[in-house]
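Student: Could we go through this model together, one question at a time, with the reasoning spelled out before each answer?

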Amino acid sequence: MHAWPASEVPALPGKGRDLQIHDTATQGTITLAPGPVARIYVCGITPYDATHIGHAATYNAFDLVQRVWLDTKRQVIYVQNVTDVDDPLLERALRDNQDWTELAERETALFREDMTALRMLPPQHYIGAVEAIPGIVPLVERLRDAGAAYELDGDVYFSVESDPNFGKVSNLDAEAMRLLSAERGGDPDRAGKKNPLDPMLWMAARPGEPSWDGGSLGRGRPGWHIECVAIALDHLGMTFDIQGGGSDLAFPHHEMGASHAQVLTGEFPMAKAYVHAGMVALHGEKMSKSKGNLVFVSALRRAGVDPAAIRLALLSHHYRADWEWTDAVLAEAVARLERWRAAVSRPDGIPADDLVEEVREALSNDLDAPAALAAVDRWVERQLVSDGDDESAPGLVSRTVDALLGVAL
Ligand code: 5CA
Ligand code: ZN
(Lines give C-alpha, C1' and ligand atoms only; values in the text may rest on other atoms or scores of the structure.)
(Ligands and ions follow the chains in the order given, each with its own letter.)
Protein backbone atom coordinates (compact mmCIF):
# COMPACT_ATOMS: atom_id res chain seq x y z
CA MET A 1 0.00 0.00 0.00
CA HIS A 2 1.24 3.54 -0.56
CA ALA A 3 1.52 5.85 2.44
CA TRP A 4 1.27 9.63 2.17
CA PRO A 5 3.71 12.41 1.28
CA ALA A 6 6.29 13.52 3.82
CA SER A 7 6.54 17.13 4.87
CA GLU A 8 10.11 18.32 5.01
CA VAL A 9 11.86 18.20 8.39
CA PRO A 10 14.26 21.13 8.79
CA ALA A 11 17.67 20.36 10.28
CA LEU A 12 18.39 22.15 13.56
CA PRO A 13 21.70 23.45 14.87
CA GLY A 14 23.46 21.50 17.62
CA LYS A 15 22.78 17.97 18.68
CA GLY A 16 19.50 16.16 19.29
CA ARG A 17 18.87 14.21 22.50
CA ASP A 18 18.26 10.52 22.98
CA LEU A 19 14.71 9.51 23.72
CA GLN A 20 13.72 8.27 27.14
CA ILE A 21 10.31 6.69 27.03
CA HIS A 22 7.89 4.91 29.32
CA ASP A 23 7.61 1.19 28.63
CA THR A 24 4.35 -0.50 29.60
CA ALA A 25 6.00 -3.92 29.94
CA THR A 26 8.62 -2.97 32.52
CA GLN A 27 6.53 -0.08 33.87
CA GLY A 28 9.59 2.12 33.83
CA THR A 29 11.43 4.59 31.65
CA ILE A 30 13.83 3.22 29.08
CA THR A 31 16.56 5.09 27.25
CA LEU A 32 16.42 3.84 23.73
CA ALA A 33 19.88 4.00 22.20
CA PRO A 34 19.31 2.13 19.04
CA GLY A 35 22.48 2.93 17.13
CA PRO A 36 22.27 4.68 13.78
CA VAL A 37 18.96 3.06 12.80
CA ALA A 38 15.80 3.23 14.90
CA ARG A 39 12.93 0.86 14.21
CA ILE A 40 9.31 1.47 15.16
CA TYR A 41 6.05 -0.30 14.49
CA VAL A 42 2.83 1.63 15.09
CA CYS A 43 -0.50 -0.13 14.88
CA GLY A 44 -2.59 1.44 12.16
CA ILE A 45 -6.30 2.04 11.70
CA THR A 46 -9.12 -0.34 11.00
CA PRO A 47 -10.57 1.70 8.15
CA TYR A 48 -14.31 1.55 8.62
CA ASP A 49 -14.80 5.14 9.70
CA ALA A 50 -12.89 8.42 9.44
CA THR A 51 -9.88 9.46 11.50
CA HIS A 52 -11.06 10.89 14.80
CA ILE A 53 -9.18 13.03 17.30
CA GLY A 54 -8.31 9.96 19.40
CA HIS A 55 -6.53 8.35 16.45
CA ALA A 56 -4.82 11.62 15.63
CA ALA A 57 -3.59 11.99 19.22
CA THR A 58 -2.07 8.51 19.19
CA TYR A 59 -0.34 9.02 15.82
CA ASN A 60 0.87 12.40 17.03
CA ALA A 61 2.72 10.71 19.91
CA PHE A 62 4.60 8.40 17.55
CA ASP A 63 5.27 11.19 15.11
CA LEU A 64 7.11 12.94 17.95
CA VAL A 65 9.17 9.78 18.50
CA GLN A 66 10.28 9.93 14.88
CA ARG A 67 11.07 13.62 15.08
CA VAL A 68 13.21 13.17 18.19
CA TRP A 69 15.13 10.37 16.49
CA LEU A 70 15.55 12.31 13.25
CA ASP A 71 16.91 15.22 15.28
CA THR A 72 19.65 12.85 16.55
CA LYS A 73 20.47 12.15 12.88
CA ARG A 74 19.32 8.59 13.15
CA GLN A 75 17.65 6.86 10.27
CA VAL A 76 14.13 5.79 11.23
CA ILE A 77 12.41 2.74 9.82
CA TYR A 78 8.75 3.20 10.54
CA VAL A 79 6.17 0.53 9.78
CA GLN A 80 2.42 0.90 10.09
CA ASN A 81 -0.35 -1.51 9.15
CA VAL A 82 -3.92 -1.07 7.98
CA THR A 83 -6.33 -3.68 9.32
CA ASP A 84 -8.19 -3.76 6.03
CA VAL A 85 -10.09 -6.94 6.78
CA ASP A 86 -11.58 -7.64 10.21
CA ASP A 87 -14.98 -8.13 11.87
CA PRO A 88 -15.81 -4.46 12.56
CA LEU A 89 -15.04 -3.48 8.97
CA LEU A 90 -17.17 -6.28 7.52
CA GLU A 91 -19.99 -5.52 9.96
CA ARG A 92 -20.03 -1.84 9.01
CA ALA A 93 -19.99 -2.66 5.28
CA LEU A 94 -22.92 -5.03 5.77
CA ARG A 95 -24.86 -2.51 7.88
CA ASP A 96 -24.41 0.21 5.27
CA ASN A 97 -24.88 -2.12 2.33
CA GLN A 98 -21.56 -1.26 0.74
CA ASP A 99 -18.64 -3.17 -0.61
CA TRP A 100 -16.12 -3.77 2.20
CA THR A 101 -13.10 -3.16 -0.06
CA GLU A 102 -14.53 0.18 -1.19
CA LEU A 103 -15.22 1.18 2.41
CA ALA A 104 -11.66 0.28 3.44
CA GLU A 105 -10.12 2.08 0.48
CA ARG A 106 -12.19 5.21 0.99
CA GLU A 107 -11.45 5.50 4.70
CA THR A 108 -7.76 4.71 4.21
CA ALA A 109 -7.58 7.46 1.57
CA LEU A 110 -9.19 9.90 4.00
CA PHE A 111 -6.74 8.83 6.73
CA ARG A 112 -3.84 9.60 4.39
CA GLU A 113 -5.28 13.06 3.73
CA ASP A 114 -5.73 13.71 7.44
CA MET A 115 -2.21 12.54 8.25
CA THR A 116 -0.79 14.73 5.48
CA ALA A 117 -2.73 17.77 6.67
CA LEU A 118 -1.51 17.19 10.24
CA ARG A 119 2.09 16.85 9.03
CA MET A 120 2.49 13.36 10.45
CA LEU A 121 5.55 11.78 8.86
CA PRO A 122 4.61 8.72 6.80
CA PRO A 123 5.82 5.17 7.46
CA GLN A 124 8.32 3.73 5.00
CA HIS A 125 6.26 0.54 4.92
CA TYR A 126 2.49 0.93 4.97
CA ILE A 127 1.06 -2.56 4.80
CA GLY A 128 -2.51 -3.82 4.62
CA ALA A 129 -3.62 -7.03 6.34
CA VAL A 130 -4.85 -8.40 3.02
CA GLU A 131 -1.53 -7.91 1.28
CA ALA A 132 0.23 -9.49 4.30
CA ILE A 133 -1.74 -12.76 4.09
CA PRO A 134 0.96 -14.68 2.13
CA GLY A 135 3.37 -13.91 5.00
CA ILE A 136 0.86 -14.65 7.74
CA VAL A 137 -0.09 -18.16 6.64
CA PRO A 138 3.39 -19.71 7.10
CA LEU A 139 3.67 -18.15 10.56
CA VAL A 140 0.39 -19.71 11.65
CA GLU A 141 1.54 -23.03 10.21
CA ARG A 142 4.77 -22.75 12.18
CA LEU A 143 2.91 -21.98 15.39
CA ARG A 144 0.69 -24.99 14.79
CA ASP A 145 3.65 -27.25 13.99
CA ALA A 146 5.36 -26.07 17.18
CA GLY A 147 2.31 -27.23 19.16
CA ALA A 148 1.37 -23.66 20.11
CA ALA A 149 -1.85 -23.63 18.08
CA TYR A 150 -4.88 -25.87 17.82
CA GLU A 151 -7.94 -26.21 15.66
CA LEU A 152 -11.53 -25.65 16.72
CA ASP A 153 -14.18 -26.27 14.05
CA GLY A 154 -11.75 -25.23 11.34
CA ASP A 155 -10.59 -22.07 13.12
CA VAL A 156 -7.02 -22.01 14.42
CA TYR A 157 -6.33 -20.69 17.93
CA PHE A 158 -3.09 -19.73 19.61
CA SER A 159 -2.49 -21.33 22.99
CA VAL A 160 -1.41 -18.62 25.43
CA GLU A 161 -0.04 -21.32 27.71
CA SER A 162 2.65 -22.09 25.15
CA ASP A 163 4.35 -18.79 26.04
CA PRO A 164 6.24 -18.68 29.36
CA ASN A 165 6.24 -14.89 29.20
CA PHE A 166 2.52 -14.46 28.59
CA GLY A 167 1.24 -11.49 30.60
CA LYS A 168 4.51 -9.59 30.77
CA VAL A 169 3.53 -6.81 28.39
CA SER A 170 0.31 -5.64 30.01
CA ASN A 171 0.88 -6.86 33.60
CA LEU A 172 -2.81 -7.53 34.22
CA ASP A 173 -4.46 -10.11 36.46
CA ALA A 174 -6.49 -12.98 35.01
CA GLU A 175 -9.88 -11.39 35.66
CA ALA A 176 -8.90 -8.11 33.98
CA MET A 177 -7.55 -10.01 30.99
CA ARG A 178 -10.76 -11.96 30.64
CA LEU A 179 -12.93 -8.83 30.73
CA LEU A 180 -10.74 -6.98 28.23
CA SER A 181 -10.54 -9.98 25.93
CA ALA A 182 -14.35 -10.00 25.64
CA GLU A 183 -14.41 -6.24 25.10
CA ARG A 184 -11.64 -6.08 22.52
CA GLY A 185 -12.28 -8.62 19.83
CA GLY A 186 -11.67 -11.88 21.76
CA ASP A 187 -14.13 -14.69 22.39
CA PRO A 188 -13.44 -15.95 25.93
CA ASP A 189 -16.85 -17.62 26.14
CA ARG A 190 -16.51 -19.84 23.08
CA ALA A 191 -16.83 -23.48 24.09
CA GLY A 192 -13.96 -25.83 23.36
CA LYS A 193 -11.06 -23.40 23.79
CA LYS A 194 -8.12 -24.58 25.89
CA ASN A 195 -7.87 -21.24 27.64
CA PRO A 196 -10.63 -18.63 27.36
CA LEU A 197 -8.02 -16.01 26.44
CA ASP A 198 -6.62 -17.92 23.45
CA PRO A 199 -6.86 -15.63 20.41
CA MET A 200 -7.67 -16.67 16.88
CA LEU A 201 -4.82 -16.97 14.42
CA TRP A 202 -6.80 -18.03 11.38
CA MET A 203 -10.57 -17.88 10.94
CA ALA A 204 -12.01 -20.48 8.60
CA ALA A 205 -14.06 -19.03 5.72
CA ARG A 206 -17.60 -18.02 6.71
CA PRO A 207 -20.44 -17.92 4.18
CA GLY A 208 -20.81 -14.47 2.65
CA GLU A 209 -17.45 -13.28 3.98
CA PRO A 210 -14.20 -12.80 2.07
CA SER A 211 -11.62 -15.54 2.39
CA TRP A 212 -8.16 -16.35 1.07
CA ASP A 213 -6.13 -19.44 0.36
CA GLY A 214 -4.50 -20.48 3.63
CA GLY A 215 -2.48 -23.44 2.36
CA SER A 216 -2.71 -26.24 4.91
CA LEU A 217 -4.95 -24.03 7.07
CA GLY A 218 -7.73 -24.04 4.48
CA ARG A 219 -9.51 -20.97 3.17
CA GLY A 220 -10.05 -18.19 5.66
CA ARG A 221 -8.72 -14.89 6.93
CA PRO A 222 -6.09 -13.88 9.46
CA GLY A 223 -6.53 -13.08 13.13
CA TRP A 224 -5.75 -9.56 14.27
CA HIS A 225 -2.62 -10.07 16.41
CA ILE A 226 -0.73 -12.30 13.97
CA GLU A 227 -1.33 -9.65 11.30
CA CYS A 228 0.84 -7.12 13.14
CA VAL A 229 3.45 -9.71 14.13
CA ALA A 230 3.87 -10.87 10.53
CA ILE A 231 4.19 -7.31 9.21
CA ALA A 232 6.55 -6.24 12.00
CA LEU A 233 8.86 -9.25 11.70
CA ASP A 234 8.90 -8.99 7.94
CA HIS A 235 9.92 -5.33 7.85
CA LEU A 236 11.74 -4.81 11.15
CA GLY A 237 12.82 -8.21 12.44
CA MET A 238 12.85 -9.11 16.12
CA THR A 239 13.66 -6.74 19.00
CA PHE A 240 12.85 -3.48 17.28
CA ASP A 241 12.76 -0.36 19.39
CA ILE A 242 9.09 0.51 19.87
CA GLN A 243 5.72 -1.04 19.30
CA GLY A 244 3.16 1.67 19.71
CA GLY A 245 -0.55 2.27 19.86
CA GLY A 246 -3.27 3.55 22.16
CA SER A 247 -3.50 2.13 25.68
CA ASP A 248 -6.42 -0.04 24.58
CA LEU A 249 -3.95 -2.08 22.53
CA ALA A 250 -1.74 -3.16 25.47
CA PHE A 251 -4.12 -6.04 26.09
CA PRO A 252 -4.91 -8.19 24.26
CA HIS A 253 -3.28 -6.94 21.06
CA HIS A 254 0.32 -6.25 22.05
CA GLU A 255 0.36 -8.97 24.70
CA MET A 256 -0.74 -11.58 22.17
CA GLY A 257 1.63 -10.23 19.54
CA ALA A 258 4.57 -10.58 21.93
CA SER A 259 3.44 -14.15 22.68
CA HIS A 260 3.20 -15.13 19.03
CA ALA A 261 6.67 -13.71 18.42
CA GLN A 262 8.08 -15.42 21.53
CA VAL A 263 6.97 -18.84 20.31
CA LEU A 264 8.09 -18.13 16.75
CA THR A 265 11.57 -16.86 17.61
CA GLY A 266 12.24 -17.98 21.17
CA GLU A 267 12.82 -14.35 22.12
CA PHE A 268 11.07 -11.84 24.35
CA PRO A 269 10.18 -9.03 24.01
CA MET A 270 9.41 -8.38 20.36
CA ALA A 271 9.82 -4.64 20.98
CA LYS A 272 12.29 -3.08 23.43
CA ALA A 273 9.59 -0.64 24.54
CA TYR A 274 5.81 -1.01 24.45
CA VAL A 275 4.54 2.52 24.25
CA HIS A 276 0.91 3.42 24.80
CA ALA A 277 -0.94 6.67 24.34
CA GLY A 278 -3.82 7.70 26.60
CA MET A 279 -7.42 7.69 25.45
CA VAL A 280 -9.16 10.81 24.22
CA ALA A 281 -12.75 11.16 25.38
CA LEU A 282 -15.74 13.14 24.20
CA HIS A 283 -18.66 13.92 26.53
CA GLY A 284 -17.08 11.88 29.31
CA GLU A 285 -16.56 8.66 27.35
CA LYS A 286 -13.67 7.28 25.30
CA MET A 287 -14.03 8.42 21.70
CA SER A 288 -14.77 5.25 19.78
CA LYS A 289 -16.13 4.21 16.45
CA SER A 290 -18.38 1.68 18.09
CA LYS A 291 -19.99 4.29 20.40
CA GLY A 292 -20.09 6.97 17.72
CA ASN A 293 -19.03 9.86 20.02
CA LEU A 294 -16.52 11.16 17.53
CA VAL A 295 -14.89 14.36 16.36
CA PHE A 296 -13.42 13.74 12.93
CA VAL A 297 -10.23 15.42 11.78
CA SER A 298 -11.70 15.75 8.29
CA ALA A 299 -14.86 17.43 9.63
CA LEU A 300 -12.78 20.00 11.50
CA ARG A 301 -10.73 20.64 8.37
CA ARG A 302 -13.88 21.07 6.30
CA ALA A 303 -15.17 23.53 8.89
CA GLY A 304 -12.07 25.63 8.21
CA VAL A 305 -10.00 24.73 11.28
CA ASP A 306 -6.28 25.06 10.52
CA PRO A 307 -4.67 21.60 10.84
CA ALA A 308 -1.80 23.29 12.71
CA ALA A 309 -4.30 24.28 15.40
CA ILE A 310 -5.58 20.70 15.62
CA ARG A 311 -2.00 19.57 16.03
CA LEU A 312 -1.37 22.13 18.78
CA ALA A 313 -4.50 20.93 20.57
CA LEU A 314 -3.13 17.37 20.52
CA LEU A 315 0.28 18.56 21.69
CA SER A 316 -1.19 20.41 24.65
CA HIS A 317 -1.78 17.07 26.44
CA HIS A 318 0.86 14.61 27.53
CA TYR A 319 0.61 11.55 25.31
CA ARG A 320 0.14 9.18 28.25
CA ALA A 321 -2.71 11.16 29.80
CA ASP A 322 -6.35 10.39 29.18
CA TRP A 323 -8.04 13.63 28.26
CA GLU A 324 -11.23 15.11 26.96
CA TRP A 325 -11.73 16.94 23.67
CA THR A 326 -13.74 20.14 24.13
CA ASP A 327 -14.36 23.32 22.19
CA ALA A 328 -12.20 25.11 24.75
CA VAL A 329 -9.22 22.85 23.97
CA LEU A 330 -9.50 23.78 20.31
CA ALA A 331 -10.10 27.48 21.01
CA GLU A 332 -6.97 27.62 23.16
CA ALA A 333 -4.95 25.99 20.39
CA VAL A 334 -6.28 28.43 17.79
CA ALA A 335 -5.30 31.36 20.02
CA ARG A 336 -1.85 29.87 20.69
CA LEU A 337 -1.25 29.37 16.96
CA GLU A 338 -2.13 33.01 16.32
CA ARG A 339 0.27 34.22 19.03
CA TRP A 340 3.07 32.01 17.78
CA ARG A 341 2.57 33.14 14.18
CA ALA A 342 2.54 36.79 15.22
CA ALA A 343 5.78 36.28 17.16
CA VAL A 344 7.69 34.60 14.31
CA SER A 345 6.41 37.04 11.71
CA ARG A 346 8.46 39.85 13.28
CA PRO A 347 11.66 40.50 11.29
CA ASP A 348 13.94 40.04 14.30
CA GLY A 349 13.72 39.39 17.99
CA ILE A 350 15.23 37.75 21.03
CA PRO A 351 17.72 34.88 20.64
CA ALA A 352 16.18 31.42 20.53
CA ASP A 353 19.16 29.07 20.94
CA ASP A 354 18.06 28.16 24.47
CA LEU A 355 14.57 27.44 23.22
CA VAL A 356 15.83 24.78 20.81
CA GLU A 357 17.50 23.03 23.75
CA GLU A 358 14.42 23.37 25.97
CA VAL A 359 12.16 21.79 23.35
CA ARG A 360 14.68 18.99 22.80
CA GLU A 361 14.94 18.41 26.53
CA ALA A 362 11.14 18.31 26.97
CA LEU A 363 10.54 15.84 24.16
CA SER A 364 13.42 13.55 25.08
CA ASN A 365 11.86 13.29 28.53
CA ASP A 366 9.06 10.84 27.67
CA LEU A 367 7.71 13.13 24.93
CA ASP A 368 6.65 15.93 27.24
CA ALA A 369 4.93 18.01 24.57
CA PRO A 370 3.10 20.28 27.06
CA ALA A 371 6.49 21.28 28.49
CA ALA A 372 7.72 21.95 24.95
CA LEU A 373 4.70 24.18 24.27
CA ALA A 374 5.28 26.02 27.53
CA ALA A 375 8.88 26.72 26.49
CA VAL A 376 7.75 28.12 23.14
CA ASP A 377 5.03 30.14 24.91
CA ARG A 378 7.68 31.75 27.13
CA TRP A 379 9.77 32.79 24.13
CA VAL A 380 6.66 34.04 22.30
CA GLU A 381 5.48 36.19 25.22
CA ARG A 382 8.89 37.84 25.48
CA GLN A 383 9.25 38.16 21.73
CA LEU A 384 5.90 39.89 21.34
CA VAL A 385 7.00 42.74 23.62
CA SER A 386 10.73 42.77 22.87
CA ASP A 387 12.82 45.07 20.76
CA GLY A 388 15.55 42.45 20.28
CA ASP A 389 17.60 42.54 17.10
CA ASP A 390 18.48 38.89 16.49
CA GLU A 391 17.48 38.45 12.87
CA SER A 392 17.90 34.70 12.93
CA ALA A 393 15.59 34.12 15.90
CA PRO A 394 12.14 34.02 14.23
CA GLY A 395 13.36 31.62 11.55
CA LEU A 396 15.04 29.39 14.12
CA VAL A 397 11.85 29.18 16.18
CA SER A 398 9.78 28.34 13.08
CA ARG A 399 12.21 25.59 12.14
CA THR A 400 12.29 24.21 15.68
CA VAL A 401 8.51 24.10 15.96
CA ASP A 402 8.30 22.52 12.51
CA ALA A 403 11.07 19.95 12.97
CA LEU A 404 10.27 18.82 16.50
CA LEU A 405 6.53 19.44 16.85
CA GLY A 406 5.30 19.12 13.27
CA VAL A 407 3.62 22.53 13.35
CA ALA A 408 4.05 24.84 10.38
CA LEU A 409 3.98 28.46 11.46
N1 5CA B 1 -6.15 -1.73 13.48
C2 5CA B 1 -6.03 -1.82 14.90
C3 5CA B 1 -4.60 -1.81 15.35
S4 5CA B 1 -3.63 -3.04 14.58
C5 5CA B 1 -6.78 -0.70 15.60
O6 5CA B 1 -6.79 -0.67 16.81
N7 5CA B 1 -7.40 0.19 14.80
S8 5CA B 1 -8.27 1.42 15.38
O9 5CA B 1 -8.70 2.14 14.18
O10 5CA B 1 -9.28 0.95 16.22
O11 5CA B 1 -7.33 2.31 16.22
C12 5CA B 1 -6.19 2.92 15.64
C13 5CA B 1 -5.31 3.50 16.75
O14 5CA B 1 -6.00 4.56 17.40
C15 5CA B 1 -4.95 2.49 17.85
O16 5CA B 1 -3.61 2.70 18.28
C17 5CA B 1 -5.90 2.85 18.97
O18 5CA B 1 -5.38 2.51 20.25
C19 5CA B 1 -6.00 4.36 18.80
N20 5CA B 1 -7.25 4.90 19.35
C21 5CA B 1 -8.52 4.50 19.11
N22 5CA B 1 -9.40 5.24 19.84
C23 5CA B 1 -8.68 6.14 20.53
C24 5CA B 1 -8.99 7.20 21.46
N25 5CA B 1 -10.25 7.47 21.80
N26 5CA B 1 -7.98 7.93 21.99
C27 5CA B 1 -6.68 7.66 21.64
N28 5CA B 1 -6.31 6.69 20.77
C29 5CA B 1 -7.29 5.95 20.24
ZN1 ZN C 1 -1.70 -3.81 15.52
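**Pocket, zinc site and strands**

Tutor: The second largest pocket has a volume of about 220 Å³, where a pocket is an open set of points on a 1 Å grid over the protein atoms alone, with room for a 1.4 Å probe and protein on both sides within 12 Å along at least five of seven lines, and a volume is the space filled by probe spheres set on points joined across faces, edges and corners. This is a predicted model, in which local features need pLDDT of at least 70 and side-chain atom pairs pLDDT 80 or more, while totals for chains, interfaces and linings use all residues. Residues are numbered from 1 along each chain as written, chains are lettered from A and ligands numbered from 1 in the order written, and side-chain values use heavy atoms, without hydrogens or water.

Student: Which helix gives the largest share of the lining of the second largest pocket?

Tutor: Lining residues have an atom within 4 Å of a point, and of the 13 that line this pocket, the closest to its centre are Leu90, Glu91, Leu94, Gly208 and Glu209. Helices are DSSP runs of H or I with at least four residues, and strands are runs of E with at least two, numbered from the N terminus. The largest share, 5 residues, comes from helix 2 (residues 87-95).

Student: Which geometry does the site of the zinc ion (ligand 2) have?

Tutor: Donors are N, O and S atoms within 2.8 Å of the metal (3.2 Å for Na, K and Ca), with water not among the atoms, and the protein donors here are Cys43 (SG), Cys228 (SG) and His253 (NE2), lying 2.0 to 2.2 Å from the ion. Cys228 lies in helix 6 (residues 224-235) and His253 in helix 7 (residues 250-265), so the pair ties together parts 25 residues apart in sequence. Four donors count as tetrahedral if all angles lie between 85 and 135 degrees. With angles of 102 to 121 degrees among its 4 donor atoms, the site is tetrahedral.

Student: Is Cys228 buried or exposed?

Tutor: Buried means under 20% relative accessible area, exposed over 50%, and partly exposed in between, with a 1.4 Å probe and protein chains only. At 2% relative accessibility, Cys228 counts as buried.

Student: In strand 8, which residue is the bridge partner of Val156?

Tutor: Two strands pair if DSSP finds at least two bridges between them, and 2 bridges join strand 7 (residues 155-158) to strand 8, which run antiparallel. Of the 5 residues of strand 8 (residues 200-204), 5 are buried, so this strand is largely enclosed by the rest of the structure. The bridge partner of Val156 in strand 8 is Trp202.

Key. Tetrahedral: all angles 85-135°; square planar, octahedral: opposite > 155°, others 65-115°.
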